[in-house]
Amino acid sequence: MSRTSPGGHEASRFLRTTGQHASIEADSLIDGAYVLSIGGAEQSHVNVAEPAEIFYEYLRRIGHVVDLAAPEGVPITALHLGAGALTLARYIQATRPGSEQYAVELERELLDFVLQKLPMPGGTRLHTHIGDARDALAELPAELRFDVVILDIFSGPEAPEHIACTEFYAEAASRLRPDGVLIVNVGDEPGLTLVRSQVAAMRRALPDIAAFAESGMFAGRYPGNIILVGTPWPWPAAWTGELLARGPHPAAVLTGVDLDRISD
């Protein structure tokens, strides 16, 4: 259900890469919040007034993983592959001021549109890069290493083959700091075909993998989002407890043999 007012003020921009229109409209239910839609479908939600408050559940789950990546409030270096409305970049700035962030977006018009209509908070250190996510890994300065790399471009069973593969995940993992984490949002259909293939691909590229989602998602009976988290070190059992406590609820975290049931 749309959260925007049919009669509310709306700004729009044509996206040449996809041939669709993007729009930003005020959320009729939350003061200071806005909804980004692409091709008429809601794509991102931003609470400009309270950027630490995230509306979409899957993005809240990613935010909770980021919370565990470093001690509370400590600035980090983050790479966002797929920028959207920069909801997570705003969250990191709000919870970890002084963080160094890099955002990669294929659609130049989309990134320009978002930054024009929904500017980042003062003091944000955000570097933008227009282009393909995999190409960007090679084009970013070779010495850059990240505390978190967040990939949020998969939606549905179709995914770019050059990104949804072990080689890409190995390249992304090589840009992590020794205690860094790779976070991948996988939007999938019933049956979880894409999720299964990505768990298998990530397992070949990183030492350990966890999957975090609404608990019913793992039955594979309806579409939704599963967050995959890859680490260059064994998954900490304490993180499972932390993520389950933080929610959103109900939640499940699968690791080790429990993850085998959704792996190819």
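This is a tutorial dialogue on reading the fold of a predicted model.

User: Before looking at details, what does the secondary structure of the protein chain come to?

Analyst: In this predicted model, the secondary structure of the protein chain comes to eight helices and 12 strands. The C-alpha trace spans about 50 × 45 × 35 Å along its principal axes.

User: Why would one set the radius of gyration of the protein chain beside that of a compact globule?

Analyst: A compact globule of 264 residues would have a radius of gyration near 18 Å, and because the protein chain has 18 Å, the two agree.

User: How should I read the sheets, and what is the order of the strands in the open sheet of four?

Analyst: As a general idea, the strands of a sheet pair through backbone hydrogen bonds, and the pairing is either parallel or antiparallel. In this structure, the open sheet of four strands follows the order β1-β2-β3-β4, with antiparallel pairing. Its edge strands are β1 (10-15) and β4 (41-47), each of which pairs on one side only, and the twist from one strand to the next averages 20°. Within that sheet, β2 (residues 20-26) and β3 (residues 33-38) run antiparallel and are joined by five bridges, with Ser-23 standing opposite Ser-37 in β3.

User: Which strands does helix α3 lie across?

Analyst: Helix α3 (residues 108-117) lies across β1, β2 and β3, and its direction is at about 160° to β1.

User: What is the strand order in the open sheet of eight, and what kind of pairing does it have?

Analyst: The order in that open sheet is β7-β6-β5-β8-β9-β11-β10-β12, and the pairing is mixed. At the edges are β7 (125-130) and β12 (251-255), each pairing on one side only, while neighbouring strands are turned against each other by 15° on average, direction ignored. One pair to inspect is β10 (residues 208-214) with β12, which pair in the antiparallel sense over five bridges; here Phe-212 has Val-253 in β12 as its bridge partner. Helix α7 (residues 237-246) lies across β9 (176-188), β10 and β12, and runs at about 160° to β12.

User: Turning to helix packing, at what angle do α1 and α7 pack, and how far apart are their axes?

Analyst: The helices α1 and α7 pack at an angle of about 140° with their axes 10 Å apart, and they are therefore oblique to each other, since only angles over 145 degrees count as roughly antiparallel. In this pair, α1 passes α7 in a right-handed crossing. The contact is made by His-64, Val-65, Asp-67 and Leu-68 of α1 together with Trp-239, Glu-242, Leu-243 and Arg-246 of α7, and by class these residues divide into four nonpolar, one polar and three charged.

User: Which residues make the contact of α1 with α2, and at what angle do the two helices pack?

Analyst: Helix α1 (residues 57-68) and helix α2 (residues 87-95) pack at an angle of about 40°, their axes being 11 Å apart, and their crossing is right-handed. From α1 the contact takes in Leu-59, Ile-62, Gly-63, Val-66 and Asp-67, and from α2 it takes in Thr-87, Leu-88, Tyr-91 and Ile-92. These residues divide into six nonpolar, two polar and one charged.

User: At what angle do the axes of α5 and α6 cross?

Analyst: The axes of helix α5 (residues 166-173) and helix α6 (residues 193-205) come within 8 Å and cross at roughly 50°, which means that α5 is oblique to α6. The crossing in which α5 passes α6 is right-handed. Thr-166, Tyr-169, Ala-170 and Ala-173 in α5 meet Gln-198, Ala-201, Met-202, Arg-204 and Ala-205 in α6, so that, by class, this contact has six nonpolar, two polar and one charged residues.

User: Which backbone details in the loops should I check, and where are the cis peptide bonds?

Analyst: One cis peptide bond joins Gly-247 and Pro-248, with omega about 0°, and another joins His-249 and Pro-250, with omega about -5°. Pro-248 lies in the loop between α7 and β12, and Pro-250 is found in the loop between α7 and β12 as well. A further backbone detail concerns Leu-86, which has a positive phi of about 65° although it is not a glycine; Leu-86 is placed in the loop between β5 (77-81) and α2.

Notes:
Residues numbered from 1 in each chain as written. Predicted model: local features only at pLDDT ≥ 70, side-chain atom pairs only at ≥ 80, totals over all residues. Heavy atoms only, no water. Axes fitted to C-alpha atoms, helices over the stretch in contact; angles between N-to-C directions. Parallel < 35°, antiparallel > 145°, perpendicular 65-115°, else oblique. Left-handed = near helix turned anticlockwise from the far one by under 90°. Contact = heavy atoms within 4.5 Å. Pairing = 2+ DSSP bridges. Rg over C-alpha atoms; globule rule 2.2 N^0.38 Å.
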